[in-house]
Amino acid sequence: REGEALFTVAKDPARPFVVTAGAVTVTAVGTAFAVRRAGDGVRVSVTEGVVEVRAGSRPVRLAAGEAGNFDAGRAPELSTPGPEALARALAWREGRLELDGEPLQAAVAEINRHNRRPVRVADPALAAMPLYGAFRTNDPLGFARTVGASLGVAVVEDDDAIRIGTPPAG
């Protein structure tokens, strides 16, 4: 329903490997690729070989080094992110979040995928601020404190959440 997985598939043309994420189907034979589903959208990133993605009536082929955003109601958005960007996108496999200018709100959403106690951006003006750096996905408080220090804003934690941009009490 939602989440991300990386698949490394052995070559066997007689038995294609198929992943279905919502209305999107990815078929591979002898390849490595990641599928991420969030809401109605699906992102497919190919690290080896070729996959065929079907998000509607017309299939799209993606080769190693290519990625695409698929939503059954729209035309696919295809890209060639390059090896560094693909490695950053797959850093979650090693428990890392690597950022290269992504907005704070997107980084918070990614950290929250990996933790029970959520990080929240209390000041909406901060949500679009670009972030750079590498963080552990299992350390939401460390992430929030580093972001707070770099943006010069307070970080407040309670039992329910960790809030970035909350003015200090008093």
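This briefing covers salt bridges, one open sheet and the two largest pockets of the structure above. The model is predicted. Its salt bridges come to 12, and four of the residues involved, Glu4, Arg36, Glu110 and Arg113, are linked in a network. The largest pocket holds about 540 Å³ of space, and the second largest has a volume of about 270 Å³.

**Salt bridges**

- Arg36 forms a salt bridge with Glu4, with 3.8 Å between the closest N and O atoms. This pair links distant parts of the chain, 32 residues apart: Arg36 belongs to strand β4 (residues 32-38) and Glu4 to strand β1 (residues 3-8).
- Arg36 and Glu4 also belong to a network of salt bridges that takes in Glu110 and Arg113.
- Arg36 is partly exposed, at a relative accessible area of 27%. Arg36 counts as partly exposed because its 27% falls between the limits of 20% for buried and 50% for exposed.
- Arg88 forms a salt bridge with Asp100, and their closest N and O atoms are 3.6 Å apart. Arg88 sits in helix α1 (residues 83-89) and Asp100 in strand β10 (residues 96-103), so this salt bridge ties together parts that are 12 residues apart in sequence.
- Both partners of that pair are partly exposed: Arg88 has a relative accessible area of 24%, and Asp100 has one of 44%.
- Asp71 forms a salt bridge with Arg74, with the closest N and O atoms 3.2 Å apart. Arg74 is exposed, with a relative accessible area of 54%.

**Open sheet**

- Four strands make up an open sheet, in the order β2-β3-β6-β7, with antiparallel pairing.
- The edge strands, β2 (17-21) and β7 (59-63), each pair on one side only.
- On average, neighbouring strands of this sheet are turned by 20 degrees against each other, direction ignored.
- Strand β3 (residues 24-28) pairs with β2 in the antiparallel sense over five bridges. Thr25 in β3 is the bridge partner of Thr20.

**Largest pocket**

- This pocket contains about 540 Å³ of space. It is lined by 23 residues, of which Arg36, Arg88, Ala89, Glu102 and Glu110 are the closest to its centre.
- Among these central residues, Arg36 and Glu110 are members of the salt-bridge network, while Arg88 is the salt-bridge partner of Asp100.
- At least two lining residues come from each of β4, β5 (41-48), α1, β10 and α2 (104-113).
- By residue class, the lining divides into 13 nonpolar, two polar and eight charged residues.

**Second largest pocket**

- The volume here is about 270 Å³. The lining consists of Arg36, Ala38, Asp40, Gly41, Val42, Arg43, Asn69, Phe70, Asp71, Arg74, Ala75 and Glu77.
- Two or more lining residues come from each of β4, β5 and β8 (67-70). The most come from β5, which gives three.
- The lining of the second largest pocket divides into four nonpolar, two polar and six charged residues.
- Asp71 and Arg74, both in this lining, are the salt-bridge pair with closest N and O atoms 3.2 Å apart.
- Arg36 lines the second largest pocket and is also one of the residues closest to the centre of the largest pocket.

Key
Residues are numbered from 1 along each chain as its sequence is written. This is a predicted model: local features need pLDDT of at least 70, side-chain atom pairs count only at pLDDT 80 or more; totals for chains, interfaces and linings use all residues. Side-chain values use heavy atoms; hydrogens and water are left out. A salt bridge is a side-chain nitrogen of Lys or Arg within 4 Å of a carboxyl oxygen of Asp or Glu. Buried means under 20% relative accessible area, exposed over 50%, partly exposed in between (1.4 Å probe, protein chains only). Two strands pair if DSSP finds at least two bridges between them. Axes are lines fitted to C-alpha atoms, for helices over the stretch in contact, and angles run from 0 to 180 degrees between N-to-C directions. On a 1 Å grid over the protein atoms alone, a cavity is a set of points where a 1.4 Å probe fits but cannot get out, and a pocket is an open set with protein on both sides within 12 Å along at least five of seven lines; lining residues have an atom within 4 Å of a point. Grid points are joined across faces, edges and corners, and a volume is the space filled by probe spheres set on the points. Ala, Val, Leu, Ile, Met, Phe, Trp, Tyr, Cys and Pro count as nonpolar, Asp, Glu, Lys and Arg as charged, and the others, Gly among them, as polar.
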